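Got your viewer open? Here is a short walk through the inside of a protein, with a selection to make at each stop.

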Amino acid sequence: MSRTDRFLRACRLENADCTPVWLMRQAGRYMAAYRKVREKYFLLEMFKTPDIAAGVTLQPVYAYELDAAIVFADILLPLEGMGVGLEFLEKEGPRIPNPVRTPADVANLAVPEPEEDLGYVLTCLRIVRAELANKVPLIGFAGAPFTLASYAIEGGSSRNFLRTKGMMYEHPALWNQLMEKLARRVASFLLAQGRAGAQVVQLFDSWVGCLSPADYQEYVLPHARYVFRCLREAGIPSIHFGTGTADLLPLMRAAGGEVVGVDWRTPIDVAWTRVGDGAGVQGNLDPVTLLAPRDVLVRKAGEILDRVGGRPGHVFNLGHGVLPSTPEDSVRALVDFVHQYEPGWLPDRR
Ligand code: CP3
């Protein structure tokens, strides 16, 4: 067995020759090869030029023994075609110039077919899938309705999600209309990615951990569930990711996803108990450990693997994306360590 199917087997909760590993944001600024391309283009230009996006997708897969490729795109791209605009400001991050705040704003949101405005992502997936020739599986992704709603409403990144929660609490019917539109948009985009060659898709609900379990259940779960139902009916395996979700894990599992993502704030075995039997678990290493001394990195990664104890359905990953200041050598060391790990390999570690 090799990089071909370790990851796909783990998504099906089957045993593999070793634990599969890939990293969220594995294509990005920590790589010199990425920075070299990035010097020449604006970020949106890179996403929208399939040859460039495909090349960047493949950079980490060729540089390290990663067990999956993830298409180079961004969770916010589907918002642009809905009519709110999208900019990536250098050094500041994403900005939505026409945020969604009023009933008219929600009513005016378009829900185009992905082929109409996101063809560049689908083309990138086809190029990468052909290039990988089944040697490494390909992941597609989208932002989850809640996380997308937060950007659409706030107009960019947010700390307290005041306007987002404001719409939820003050105008629940409007909130549900917005979430329904986003859920339809996300589901059709993920299905299109499956047709274009994505073998697994990940739903990024990066900021959903700002909600209480009761609010998740009332305002988010039905919409996330709709997306996962569409994927299940189409036979596309999925990963359900969030951060700060220690107490949301059972509800996220109920919403759907064959594999549930967990950050580093909960020990992975405790998280898995909350997720329950019948689903896999992905993640758990604090991205900052990649900046720590090598012995600390290996010890922390080993602790995760020890706690899992070889249970089928584990996908090794970080609890959130790779940080830009990460040394490339650390990524290589981590990937190789995960593959070579055997229980009790470093007996003096505990
Ligand atoms: O994982 C990968 O290699 C695929 C590429 C990918 C990007 N964004 C490219 C990108 C993925 C999976 C994403 C997801 C994404 N985008 C999320 C969810 C994951 C997470 O981190 O929680 C979110 C919240 C976004 C929105 C976004 N995009 C922000 C807040 C920013 C600015 C902050 C930052 O990290 O720079 C972006 C820009 C962005 N998207 C970059 C990349 C590689 C930075 C690019 C650059 O400046 O060169």
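Which residues line the largest cavity? Keep in mind that you are looking at a predicted model, then select Ala73, Asp74, Leu77, Pro78, Val121, Phe141, Phe189 and Gln193, and you have the lining on screen. Helix H5 (77-84) and H11 each give two or more residues to that lining. By class, the set splits into six nonpolar residues, one polar and one charged. The space they surround has a volume of about 30 Å³, and the structure holds one cavity of 30 Å³ or more.

**Next stop: the largest pocket**

Asp74 is a handy link here, since you can keep it selected: along with Arg25, Arg29, Leu43 and Phe88, Asp74 is among the residues nearest the centre of the largest pocket. In total, 38 residues line that pocket, and its volume is about 1200 Å³. To see some of the walls, colour helix H2 (32-38), helix H3 (43-48), strand E2 (87-89) and strand E3 (93-95); each supplies at least two lining residues. The lining is made up of 24 nonpolar, seven polar and seven charged residues.

**Then the second largest pocket**

Select Ala16, Cys18, Thr19, Gly310 and Arg311, which lie closest to the centre of the second largest pocket out of the 19 residues lining it. This one holds about 270 Å³ of space. Its lining has ten nonpolar, six polar and three charged residues.

**Into the core**

Now pick Phe7, Leu79, Tyr216 and Leu334, the residues with the most contacts inside the largest nonpolar core, which has 126 residues. Show helix H11 (residues 172-195) as well: H11 gives the most to this core, with ten residues. For a closer look, centre on Leu334. Setting aside neighbours within four places in sequence, Leu334 is in contact with Leu23, Leu285, Leu290, Leu297, Ala301, Phe316 and Leu318.

**Last stop: the rings**

How many aromatic pairs does a search of the whole structure find? The count is nine. Take Phe146 and Phe161: their ring centres are 6.5 Å apart and their planes sit at 45 degrees, so the pair is tilted. Phe146 belongs to helix H9 (residues 145-154), while Phe161 sits in the loop between H9 and helix H10 (162-170), 15 residues apart. Are these two buried or exposed? Both Phe146 and Phe161 are buried.

To finish, select Tyr34, Phe47, Phe72 and Phe88, which ring pairs link into a cluster. You have met Phe88 already, as one of the residues nearest the centre of the largest pocket.

Terms used
Residues are numbered from 1 along each chain as its sequence is written. This is a predicted model: local features need pLDDT of at least 70, side-chain atom pairs count only at pLDDT 80 or more; totals for chains, interfaces and linings use all residues. Side-chain values use heavy atoms; hydrogens and water are left out. A nonpolar core is a set of buried Ala, Val, Leu, Ile, Met, Phe, Trp, Tyr and Cys residues joined through side-chain atoms within 4.5 Å. Buried means under 20% relative accessible area, exposed over 50%, partly exposed in between (1.4 Å probe, protein chains only). Helices (H or I, at least four residues) and strands (E, at least two) are DSSP runs, numbered from the N terminus. Contact means heavy atoms within 4.5 Å. On a 1 Å grid over the protein atoms alone, a cavity is a set of points where a 1.4 Å probe fits but cannot get out, and a pocket is an open set with protein on both sides within 12 Å along at least five of seven lines; lining residues have an atom within 4 Å of a point. Grid points are joined across faces, edges and corners, and a volume is the space filled by probe spheres set on the points. Ala, Val, Leu, Ile, Met, Phe, Trp, Tyr, Cys and Pro count as nonpolar, Asp, Glu, Lys and Arg as charged, and the others, Gly among them, as polar. Rings of Phe, Tyr and Trp (its six-membered ring) pair if their centres lie within 6.5 Å; planes under 30 degrees apart count as stacked, over 60 as edge-to-face and the rest as tilted.
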